[in-house]
Amino acid sequence: MKVQLSDFGRKFSARSGIYELMEDLGRALSEGGKIMMGGGNPAHIPEVEAVWRRRLNEILAKPGAMETMLGDYDTPRGRPDFLETLASFFNRQCGWNITADNIAVTIGSQAANFLLFNMLAGRSHGSEGANREMARTILFPLVPEYIGYCDQGVSPGMFRAWKPEVEFLSNHDFKYRMQFGKLDEDVAALCLSRPTNPSANLVTDEEIARLVALARARGIYLIIDHAYGQPFPNVVFKKVQPVWDECVIHAFSLSKLGLPTTRTGIVVASPEIIERIGIMNASLVLATSTIGQAIIQPLLASDEITQMCERCVRPFYKHRSDQTRAWIAECFDDSLDYHVHVCEGAFFFWLWLRGMRINDRELYERLKARGVLIVPGSYFFPGLNEPWEHKQQCIRVTYCAEPSAVRRGIEILAEEIKRAYEK
Ligand SMILES: Cc1ncc(COP(=O)(O)O)c(C=O)c1O
């Protein structure tokens, strides 16, 4: 029998880039034998895993702690005492002045993005009572941007983007700069990841200040996705300041800290947005997962989490990033017209292979045939519908696997890229 699908069903059960990426990732991890330079799985950092082990032992040892963690539903916004601890943590660490009413927990920050995008954008009749139907949009002020956003819009055509400027820093290094474009009347929110997945670009404090001013002047929101950012996991290689403003919606995650399976996302925003997230959570999942909250709550209360990020997490990724960049320089043919985005944070290298004779998808297939998984770049341009050959000339490479595997992956990549430039 053929399934009769709704528009929603057709859209959300069709194959998507993020589905294929997560399938490839899950399969490669369970089967082994592949060099995994594709997904965003965090590395296994022994010092960090020792903290999780200690916390689980503490939970087991404390009477009633395990029982409530596994056996009691939380409120749809999270555990009330966790929200209190988190509000104090943000106030101490970021100099904010928020309360528990500014925070909601979600089932991963992927779900937070879905709820936020579709709460703010899509078909709308304007404010209560008005009857002026319009399709509101989410604008990505700098693409390439996170692949996981691409298929999240319930309404068709929900995303727009500004095309970036490319700044060449040296022969083989470049950086995207935000090119402030038109802000159409239909834009409901701006959204960016900081640092950016996939390019590892860190949008500057000045660019953020301009976006906040734009959002405030227009009465719209700026969503900042800190999946790799401050204050945790703090995989940020340049100092920046997370800002608080009524028009800013912050999304955080425990995943890249090393707890992806606890599915814990955190939204910090105005109380009205937060209350609506809680209500949506209740319909969708009743309550969120308690496990991540229970593991990290004392680490937030004592600020141990900040020290862990500064002493272990950030240096770990910084070292891996520097090492991988050096291997790229060593293995790639210097005469090729290739460019690497400066790595200012997150887990990735974004390569722009200008002048390559094949496109990003073909390169992906060739690499997959040789046991190396990367992600084709053309998936990372949500909302940028105009043709731009740059979109087919980039790939994203993750450097979280074991160093020997990354080194071998870079060697194979160098061989295949050389072949891809040959006439
Ligand atoms: C930029 C960005 N945002 C959000 C997410 C979603 O992460 P999670 O749902 O595990 O919190 C990811 C995951 O890779 C990401 O890279």
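This tour visits a ligand site, two loops and a helix pair in a predicted model.

**The ligand site**

Begin by selecting the ligand together with its surroundings, which comprise 14 residues. Those that come nearest are Ser109, Asp225, Ser253, Ser255 and Lys256.

Next, display the polar contacts one residue at a time. At Gln110, select the backbone: one of its N or O atoms lies 2.9 Å from an oxygen atom of the ligand. At Asn197, turn to the side chain, where an N or O atom is 2.8 Å from a ligand oxygen atom. Tyr228 also contributes through its side chain, with a polar atom placed 2.9 Å from an oxygen atom of the ligand. A surface representation is useful at this point: on its own the ligand has 400 Å² of accessible area, and the protein covers 92% of that area.

**The loop between strand 8 and helix 7**

Now select the loop that runs between strand 8 (187-193) and helix 7 (205-218), where Pro195 is found. The peptide bond joining Arg194 and Pro195 is cis, and its omega is about -5°. Continue to Ala200, which lies in the loop between strand 8 and helix 7. Although Ala200 is not a glycine, its phi is positive, at about 70°.

**The loop between strand 9 and strand 10**

Move on to Pro231, located in the loop between strand 9 (221-225) and strand 10 (248-253). Inspect the bond that leads into this proline: from Gln230 to Pro231 the peptide is cis, with omega near -5°.

**Helix 3 against helix 9**

Finally, select helix 3 (residues 46-61) and helix 9 (residues 291-301). Their axes are 10 Å apart, and the packing angle is about 105°. The two helices are therefore roughly perpendicular to each other, as angles of 65 to 115 degrees are classed.

Show the side chains at the contact. Helix 3 supplies Val51, Trp52, Arg54, Arg55, Leu56 and Ile59, and these meet Ala294, Ile295, Ile296, Pro298 and Leu299 of helix 9. Colouring the contact residues by character gives nine nonpolar, two charged and no polar residues.

Methods:
Residues numbered from 1 in each chain as written. Predicted model: local features only at pLDDT ≥ 70, side-chain atom pairs only at ≥ 80, totals over all residues. Heavy atoms only, no water. Axes fitted to C-alpha atoms, helices over the stretch in contact; angles between N-to-C directions. Helix = DSSP H or I, 4+ residues; strand = E, 2+ residues; numbered from the N terminus. Parallel < 35°, antiparallel > 145°, perpendicular 65-115°, else oblique. Contact = heavy atoms within 4.5 Å. Nonpolar A, V, L, I, M, F, W, Y, C, P; charged D, E, K, R; others polar. Near = heavy atom within 4 Å. Polar contact = N/O pair within 3.5 Å; in protein donor to acceptor, adjacent residues only side chain to side chain. Areas by Shrake-Rupley, 256 points an atom, 1.4 Å probe, with all protein chains shown as cover.
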